[in-house]
Amino acid sequence: MTDYTANRYLPIAWELFHRDTRMLAHKLMDIGPFQGVIAITRGGLIPSSIIARELDLRVVDSISIISYDDRVQGEPRIAKDIDRALVGDGEGWLIIDDLVDSGVTARLVKAHIPKAHLATVYAKPKGEPAVDTYAVPVPQDMWLLFPWDGELQPNEPLARRRG
Ligand SMILES: O=P(O)(O)OC[C@H]1O[C@H](OP(=O)(O)OP(=O)(O)O)[C@H](O)[C@@H]1O
């Protein structure tokens with residue numbers, strides 16, 4: 001039997017990503033107000049921009065966590081920290097990422113900025129408990145292919161692919 005599981009990508013188009021992020025914005029409107037956004041780079045940068053626009057927030061900071069090397073998870077580390085003088089313990093701040101998968105990144109950031117509200121657009125079951133709010137659940141074994149990570153090219157039907 002053909003093994004197609006190696007290709008279980010779920011492509012997310014720009015329009016769908018924008019719609020799902022706006023869905024998250026609606027949920028966050030019921031939870032706020034917030035005073036600023038912290039993007040978890042790099043995946044959190046684009047949703048942070050959309051969320052900041054929808055929630056009319058003008059102050060945006062970022063934190064960079066490096067934990068994957070070509071899809072293999074290693075020890076997570078902070079490559080770029082927040083402005084602590086601005087953010088403090090995170091009270092009233094919103095942390096945004098595109099996806100929570102294993103939850104490693106979200107747990108590290110929550111421990112680092114404990115009072116902030118952490119939200120993701122997409123959430124896999126293992127990572128779901130690590131975030132405060134998310135918009136769309138996705139199966140653990142699917143790889144989300146975000147629009148900035150892919151390009152249009154011809155492909156084979158799933159039934160003809162080999163792993
Ligand atoms: O729940 P986890 O298992 O920690 O995975 C989720 C993290 O993985 C992705 O980032 P990635 O490390 O691929 O970096 P990038 O956003 O810079 O591409 C994603 O943007 C999250 O930050």
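This presentation describes the helices, surface, salt bridges and aromatic rings of one predicted model.

Let me begin with the conventions. Residues are numbered from 1 along each chain as its sequence is written, and side-chain values use heavy atoms, with hydrogens and water left out. Since the model is predicted, local features need pLDDT of at least 70 and side-chain atom pairs count only at pLDDT 80 or more, while totals for chains, interfaces and linings use all residues.

I turn first to helix H2, which covers residues 45-54. Helices (H or I, at least four residues) and strands (E, at least two) are DSSP runs, numbered from the N terminus. In H2, the residues Pro47, Ser48, Ile50, Ile51 and Ala52 are buried. Here, buried means under 20% relative accessible area, exposed means over 50%, and partly exposed lies in between, with a 1.4 Å probe and protein chains only. Just after H2 comes Asp56, with a positive phi of about 55°.

On the surface, Trp14, Leu45 and Ile46 make a nonpolar patch of about 280 Å². Patches are made of residues with over 30% relative accessible area and no salt bridge; like charges are joined within 9 Å, and nonpolar side chains (Val, Leu, Ile, Met, Phe, Trp, Tyr) within 5 Å. The accessible areas come from the Shrake-Rupley method with a 1.4 Å probe, and for residues only the protein chains shown count as cover. Trp14 belongs to helix H1, residues 14-29. With a relative accessible area of 46%, Trp14 is partly exposed.

The next topic is charge. Side chains of opposite charge can pair when their charged atoms come close. How many salt bridges does a search of the whole structure find? The search finds 10, a salt bridge being a side-chain nitrogen of Lys or Arg within 4 Å of a carboxyl oxygen of Asp or Glu.

One of these joins Arg58 to Asp56, with the closest N and O atoms 3.6 Å apart. Arg58 counts as exposed at 75% relative accessibility, and Asp56 counts as exposed at 54%. Another salt bridge is formed by Lys80 and Asp61, whose closest N and O atoms are 3.2 Å apart. Lys80 lies in strand E4 (residues 72-80) and Asp61 in strand E3 (residues 60-69), so this pair ties together parts that are 19 residues apart in sequence. Lys80 is partly exposed, at 34% relative accessible area, whereas Asp61 counts as buried at 11%.

Glu156 and Arg160 also meet through their side chains in a salt bridge, at 3.6 Å from N to O. Glu156 is partly exposed, with a relative accessible area of 42%, and Arg160 counts as exposed at 60%. In addition, Arg22, Arg53 and Glu54 are joined into one network by salt bridges that share partners.

I come now to the aromatic rings. A pair of aromatic rings is described by the distance of the centres and the angle of the planes. The structure holds 6 aromatic pairs. Rings of Phe, Tyr and Trp (its six-membered ring) pair if their centres lie within 6.5 Å; planes under 30 degrees apart count as stacked, over 60 as edge-to-face and the rest as tilted.

Phe17 and Phe146 have ring centres 5.8 Å apart and planes at 85°, so the pair is edge-to-face. Phe17 lies in helix H1 and Phe146 in the segment after strand E8 (143-145), so the pair ties together parts that are 129 residues apart in sequence. Are these two residues buried or exposed? Both Phe17 and Phe146 are buried. For Phe146 and Trp148, the ring centres are 4.9 Å apart and the planes stand at 5°, so that pair is stacked. Phe146 has a relative accessible area of 5%, while Trp148 counts as partly exposed at 29%. Ring pairs link Trp14, Phe17, Tyr122, Phe146 and Trp148 into a cluster.

Finally, I consider Lys124, in the loop between strand E6 (117-123) and strand E7 (133-137). Lys124 is buried, with a relative accessible area of 2%. Its charged end sits over the ring of Trp143, 5.3 Å from the centre. The criterion is that NZ of Lys or CZ of Arg is within 6 Å of the ring centre and within 35 degrees of the ring normal. The charged end of Lys27 likewise sits over the ring of Tyr134, 5.6 Å from its centre.
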